[in-house]
Amino acid sequence: MACATSSKLARADGRAVEWIISPQLVSYEEALPAMRARAAAIAAGEAQEAVWLLEHPPLYTAGTSAVASDLLSPRFPVYDAGRGGQYTYHGPGQRVAYVMLDLRERGRDIRCLVQGLEAWVIDTLAAHSIVGERREGRIGVWVRRPEKGLLKEDKIAAIGVRVSKWVTFHGISLNVAPNLDHYDGIVPCGIIDQGVTSFEDLGQLVSMAEVDSVLRGAFERRFGSTHDSTEESLVSAGLRGQVA
């Protein structure tokens, strides 16, 4: 059952979310502890919520439901992400958005959060004339590909979150123009009968900055206002909430 994401996920107090964009590739070794620390700081009331947009160098991550046999060829480094889901790929040309939100202020409904993240991506795709859809039992956003065969569809965005003390981290990965061949080393999200796609693969040649702008507007319509911030803010606020 769908939730009223446009209202349930907005903060009643209207407090803005920090919007952070990293201009350079960020290693997974840096990103994971930074997210965890920031989430702990938010839970402790020592930091604002944040959305962190970045790109990673090529790598695979394993979620808590990952099956070892789905790692077909470890051609890139493999990391235990600690999020929900299975194996996925991150790399240049893919927009990763790490979402650190306080669900104590946003309805305490994890299912609603996931639906809200899917709707955020679907709204962003629609602004670029791409029809994204959710599928029952398959978290993420899908695009129908009838030219590939009956009932064929490709995944354009993966979603995997973790919630600790009602604060989220991890988030979404949206394929803008990554090297799709890099997915060949895994069974993406454990699904063997469908593929992956991107803006570029679908004939939409857009810059990352253009996608970011639309992502921000779509986020604000569902989750509330944002304000510009920096990586330095992310790290300094996170360090205050660092946990062993």
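Two strands pair if DSSP finds at least two bridges between them, and the close-up views below, taken from a predicted model, begin with strands that meet this condition.

**View 1. Strands β9 and β10 form a hairpin with two residues between them.** In this view β9 (153-164) and β10 (residues 167-175) run side by side, pairing in the antiparallel sense over eight bridges. One place to look is Ile 159, which stands opposite Ile 172 in β10. In the turn of the hairpin lies Lys 165, whose phi is positive, at about 55°.

**View 2. Strand β10 also pairs with strand β6.** The partner here is β6 (residues 94-100), and the two strands pair in the antiparallel sense over five bridges. Within this pairing, Val 96 has Ser 173 of β10 as its bridge partner. Strand β10 is mostly covered, since nine of its nine residues are buried.

**View 3. Arg 145 and Asp 154 form a salt bridge between two buried residues.** Side chains of opposite charge can pair when their charged atoms come close. For Asp 154 and Arg 145, the closest N and O atoms are 2.8 Å apart. Arg 145 has a relative accessible area of 7%, while Asp 154 has a relative accessibility of 2%; because buried means under 20% relative accessible area, Arg 145 counts as buried, and so does Asp 154.

**View 4. Arg 145 forms a salt bridge with Asp 201 as well.** The closest N and O atoms of this pair are 3.1 Å apart. Arg 145 lies in the loop between β8 (138-144) and β9 (153-164), whereas Asp 201 lies in the loop between β11 (195-196) and α4 (208-223), so the pair ties together parts that are 56 residues apart in sequence. Unlike the buried Arg 145, Asp 201 is partly exposed, with a relative accessible area of 35%.

**View 5. Asp 154 forms a salt bridge with Lys 148.** Here the closest N and O atoms are 2.6 Å apart. Lys 148 is partly exposed, with a relative accessible area of 46%, whereas Asp 154 is buried at 2% relative accessibility.

**View 6. Salt bridges that share partners join several residues into one network.** The residues joined in this way are Glu 133, Arg 135, Arg 138, Arg 144 and Glu 153. For the model, the count of salt bridges comes to 18.

Conventions
Residues numbered from 1 in each chain as written. Predicted model: local features only at pLDDT ≥ 70, side-chain atom pairs only at ≥ 80, totals over all residues. Heavy atoms only, no water. Salt bridge = Lys/Arg side-chain N within 4 Å of Asp/Glu carboxyl O. Buried < 20%, exposed > 50% of the residue type's maximum accessible area, 1.4 Å probe, protein only. Helix = DSSP H or I, 4+ residues; strand = E, 2+ residues; numbered from the N terminus.
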